[in-house]
Amino acid sequence: MALPSSQLTDSLVKRLAGPSTGKAGLAKDQTEINRIIAEASKGSKFYENEKRKDQDLTQRISRILRIRDEVMKGADLGKIEKHADQLLVELEAERDLSQVIIHCDMDAFFANVELLHDPSLKGKPFAVGGGVISTASYEARAFGVRSGMSGFIAKKLCPGLILLKSHYDWYSEISNQVFDVLKRYDPTLCVAGCDEGYLNITPYLQQHNLTPDVCVQQIRQSVYEATNLTVSAGIAPNKMLAKICSDKNKPDGQYHLPFDSDAILDFMRDLPIRKIPGIGRVNERLLDSVGIKTCGDVYTHRATISLLDKQLGLRFLLRTYLGISSNVVRPYQREERKSIGAERTFSSIGDESLILQKLEDIAEELEKDMQENQWAGRTVTLKFKLDTYQVFTRAKSFPRWVTKKDDLFAAGKELIRPEFPLKIRLIGLRVTKLKDLKAAAASTGIKRFFEPVQLNSSSKKRRLDEPCGNEIIDISSVDDEQALDDEVMPGFHEFEEEETPLSQQDVEDDEPEALFNPPSEPVSRAKPASSTGIKPASKKRPRESSTPSSSILRHPSPIPSDPSNPEDSLASHTCPVCAKILVTNNQDLNAHIDFCLSKGAIREAQVEASARSPVKPTSSKGPSSKRSKPETYPPQTKLNWPKSKK
DNA sequence: GCGGATCAC
DNA sequence: TATGGTGATCCGC
């Protein structure tokens, strides 16, 4: 039984353990649990796919480290750190401790709802979910059973595990009850999933002359009285911190982070970076590769991060280190929605007619959903997962609004046809470039004059269009020019809530998110040359990328010396790669850095390519498997963060 | 606009 | 022993 260790890397073992390792309800011996999971998975197609992804990530990390080493040569680290420190001062100035933000998170939600319906489950290890576990009871978690884990793996970890089917209607109803309670404390409640939400209780505290702790006790008590379910909560000055805090005393507890800069810094210092929303397993590994395990490590490695800004996201990480994030709490707006889709997993099938049947089913399901919720869209994206677990997407845009099953099915067929032969285990359709048919209808009647218009968070216009006499029906055939034309309601602006930016241009970072906020996260991707080169055919081939593309350091005045530098004025800069001093503007500086980087990166890539030969084709039928040239050069990697600015 | 990847619940 | 579904974001073409 100890034989597996030979081929398994630590990273693969950890990856196989699932995305929610390190969550609450820790089990005793994680090592033993991971071994059992790896053992049970070994040899399966799922396992092979995870292995492939793990290897790709390993390569991506290698590229980043090579870039780092190259860039560090001759770099003036002292100067770079000084610049990072300057940025920290600027970010610190943005800190806002004036709002009391609460993150409420239901404890083992699905499992506890099941418990209400069947009290005999109390004290037993059970989990909700069929093939994949949604939620495990705390007793089951002690065995290592976690959400996202396959049911049969969970059974291996806990032979006595009771697996329950999901009852979404139950969860949904109770979920609404919970939110109704929370809204009494903050009508602008921001729902983040069916079992959690953010509140800004600042006004409530003032109106009722309460302290945050007492108020949150009352909130939790109110939820319990209404549902018989416990909820944990975090009290902090912003959403990110509140979310992290809600996990601190879970279950049935609350944690109040002091509203004090130094206390927050202390709190962040030893916090595992993985706890930050947006930093998942991949980003965790990437950051770990440069020595960052905790938020405090961000400061220690600020020079490295500065040099790898493009890959790691300097600004995001510095904000994280400081414990700064958005404190804007606002309900999800319908017009923020960007896509609607449906997908289904089934036992692998290769028969074309059967696959088309599945596609038709999905098209019908999606049409129903779009109809019920009044959405139309212009882009249809087909998604399919091979029996090897590799996922692909193919998209097509239309000049008109799509709403009907026939159109969805036709688009799907057109997109999948060139991919045959195929053996797939999942198929799905998603529609984007949405048009809100409810808004379209509303804009038609007189009532439009009484309803505030909401702008799309991003910036401009909102919908509400004029056309169509008065019915909502089938706009799919309306002339697009007209249908596409939106109209802005006069007199309403919509973007008010911003906090004042102080001197920084960047005001709010993340708030537009429906869920919490941060679309952030680092990581970077490497795309290319995956170890297994198979893939569906058609379309684009691997073209080679050649231009550098990036400039490390995205800020106007990144590392260079001068603190004051407008956007494009000339200034003296030290190239972090070759250490030359250049008098130029930022654009040219970046171009220069790209040049320096590409030289080193290409050289490294060549060395690596020659040292490595085979690209193993994992069977499977992808027609033209490319494999041609692995990477021309590395700049692929990068962590995407949130949209920090702009 | 497209496709791959990551993330969260 | 059968490893989910929905939605979003970001990057690099």
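Helices (H or I, at least four residues) and strands (E, at least two) are DSSP runs, numbered from the N terminus. In this predicted model, β11 contributes 6 residues to the surface near DNA strand B, the most of any element. The protein meets this strand mainly through the backbone of the DNA: sugar or phosphate accounts for 96% of the DNA strand B atoms within 4 Å of the protein, and bases make up the rest.

**Surroundings of DNA strand B**

- DNA strand B is surrounded by 25 residues, of which K243, T393, A395, S397 and K433 are the closest.
- Charged residues number 13 on the surface near DNA strand B, alongside 7 polar and 5 nonpolar ones.

**Contacts with phosphate oxygens**

- The side chain of K243 places an N or O atom 2.6 Å from a phosphate oxygen of DNA strand B.
- At T393, a polar backbone atom is 2.8 Å from a phosphate oxygen of DNA strand B.
- V282 also uses its backbone, with an N or O atom 3.3 Å from a phosphate oxygen of the strand.
- Two or more residues of the surface near DNA strand B come from each of α13 (281-289), β10 (375-386) and β11 (391-402).

**Helix α17**

- Helix α17 (residues 314-322) is largely enclosed by the rest of the structure, because 9 of its 9 residues are buried.
- The buried residues of α17 include the charged-class side chains R315 and R319, as well as L314, F316, L317, L318, T320, Y321 and L322.
- G323 follows α17 and has a positive phi, near 75 degrees.

Methods
Residues numbered from 1 in each chain as written. Chains lettered and ligands numbered in written order. Predicted model: local features only at pLDDT ≥ 70, side-chain atom pairs only at ≥ 80, totals over all residues. Heavy atoms only, no water. Near = heavy atom within 4 Å. Polar contact = N/O pair within 3.5 Å; in protein donor to acceptor, adjacent residues only side chain to side chain. Buried < 20%, exposed > 50% of the residue type's maximum accessible area, 1.4 Å probe, protein only.
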